[in-house]
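Here is a short briefing on the fold, the packing and the charged pairs of one chain. Keep the structure open as you read.

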Amino acid sequence: MTLSKSIVTAIVIQSLISCTNEEDMEIKNVVSEEEAVVLIESSLQKSTGGLNEMTNTFSEELTIDITLNELCGTLYEASFNYNYNESPILADYEIDWSYMMACNGLNVPQMVEFEASSVGSYSTSRINSNDVTNTAIDISGLQPSASSLLFSGFFNREGNQSITTNLKTRSLSSKFNVDLVDVLIDKSNYSISSGGGTFVLSGLSENIPFSFNGTIVFNGNGSVSLTVNENDYEININE
């Protein structure tokens, strides 16, 4: 083989190796962005026992308990069932939560450290899920003069799902983690009025990993602006 042919052969081989390495480095999500949005929306929705249900129920309980000054500095724990049955949505969860109210020298509530967990399942027209949730939130705005509660912390929902979009059903396992920042809860109706956070949705489907990240902005009245991998969506978490 001549020197020129050897050089050409080496260049071709190097090009093939380079292309192969680039293909190996390029990770494509087997789960579509549409499927990711469906999973994120259902993880936040009220009817499925998601974040919106947790913030609504606890805000109502806390607003009532604020008047009970004997709870200052005392660990409060509760367990209950959450059930929703209104076609096409079904949900059934066992929920545990605990919190401790910190008060000032005058026994006026100042802050609450809230933790909650749940285990159960839900189904909608597009998704079936068996999952667990974990929540840890610091809450301020307890003073009677404050019109809103202020939530900051994290919400996690993890489990196994089957999702149907465009007549295609996919099975997967997922972890949805949200860091919440300055989420305001209106004390008059216990609904989320503003705030936001960042999220990571990851998991396995067909034994192939997937991952999405982005931001959440709560607009009030159940409207949420969702950005997933720089693409924008509007979802409703009051359903």
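At 1.5 Å a residue, what should the 12 residues of H2 span, and how far apart are its end C-alpha atoms? The expected span is 16 Å and the end C-alpha atoms lie 17 Å apart, which agrees. The model is predicted. Its sheet is open and has 10 strands, and helices H2 and H3 both pack on that sheet.

**The sheet**

- The strand order is S1-S2-S3-S4-S5-S6-S7-S8-S9-S10, with antiparallel pairing.
- Strands S1 (75–86) and S10 (231–236) stand at the edges. Each has a single partner strand, so one side of each is left without a neighbour in the sheet.
- On average, neighbouring strands are turned by 15 degrees against each other, direction ignored.
- In a regular strand, side chains alternate between the two faces of the sheet.

**Strand pairs**

- S2 and S3 are antiparallel and share 14 bridges. Met101 has Val112 in S3 as its bridge partner.
- Five residues lie between the strands in the hairpin of S2 and S3. Asn107 in this hairpin takes a positive phi near 65 degrees.
- S3 and S4 run antiparallel and are joined by 12 bridges. The hairpin between S3 and S4 passes through three residues.
- Ala116 stands opposite Thr135 in S4.
- S6 (residues 168–186) and S7 (residues 192–205) are antiparallel, with 11 bridges between them. The bridge partner of Phe176 in S7 is Leu201.

**Helices on the sheet**

- Helix H2 (residues 33–44) touches strands S3 (109–123), S4 (127–140), S5 (148–165), S6, S7, S8 (208–220), S9 (223–228) and S10. The direction of H2 makes about 130 degrees with that of S5.
- Helix H3 (residues 51–65) touches S1, S2 (89–103), S3, S4, S5, S6, S7 and S8. The direction of H3 makes about 40 degrees with that of S2.
- How many of the 12 residues of H2 are buried? The count is 11, and H2 is mostly covered.
- The buried residues of H2 include nonpolar ones, among them Val37, Val38, Leu39 and Ile40. They also include Glu33, Glu35 and Glu41.

**The loop after H2**

- Gln45 sits in the loop between H2 and H3.
- Is Gln45 buried or exposed? Its relative accessible area is 5%, under the 20% cut-off, so Gln45 is buried.
- Beyond its neighbours within four places in sequence, Gln45 is in contact with Gly50, Leu51, Asn52 and Glu53. Its contacts also include Asn236, Ile237 and Glu239.

**The nonpolar core**

- The largest nonpolar core has 51 residues.
- Which residues have the most contacts inside this core? They are Leu62, Val112, Phe114, Ile139, Phe176, Ile216 and Phe218.
- Two of these names recur in the strand pairs: Val112 is the bridge partner of Met101, and Phe176 is that of Leu201.
- Leaving aside its neighbours within four places in sequence, Phe218 has contacts that include Leu51, Leu180, Val183, Ile192, Val224 and Ile237. Phe218 is also in contact with Ser193, Ser194, Gly195, Gly196 and Ser223.
- In soluble globular proteins, nonpolar side chains tend to be buried together.

**Salt bridges**

- The count comes to five salt bridges.
- Glu35 pairs with Arg170, with the closest N and O atoms 3.1 Å apart. This pair links helix H2 to strand S6, across 135 residues. Glu35 and Arg170 are both buried.
- Arg157 and Asp131 meet in a salt bridge at 3.4 Å, N to O. Arg157 is in strand S5 and Asp131 in strand S4, 26 residues apart. Both are buried.
- Arg170 also meets Glu206 in a salt bridge, at 3.1 Å, N to O. Glu206 lies in the loop between S7 and S8, 36 residues from Arg170.
- Which of these two partners is buried, and which is exposed? Arg170 has a relative accessible area of 6%, so it is buried. Glu206 has 55%, so it is exposed.
- Shared partners join Glu35, Arg170 and Glu206 into one salt-bridge network.

Technical notes: Residues are numbered from 1 along each chain as its sequence is written. This is a predicted model: local features need pLDDT of at least 70, side-chain atom pairs count only at pLDDT 80 or more; totals for chains, interfaces and linings use all residues. Side-chain values use heavy atoms; hydrogens and water are left out. Two strands pair if DSSP finds at least two bridges between them. Helices (H or I, at least four residues) and strands (E, at least two) are DSSP runs, numbered from the N terminus. Axes are lines fitted to C-alpha atoms, for helices over the stretch in contact, and angles run from 0 to 180 degrees between N-to-C directions. Contact means heavy atoms within 4.5 Å. A nonpolar core is a set of buried Ala, Val, Leu, Ile, Met, Phe, Trp, Tyr and Cys residues joined through side-chain atoms within 4.5 Å. Buried means under 20% relative accessible area, exposed over 50%, partly exposed in between (1.4 Å probe, protein chains only). A salt bridge is a side-chain nitrogen of Lys or Arg within 4 Å of a carboxyl oxygen of Asp or Glu. The expected span of a helix is 1.5 Å times one less than its number of residues.
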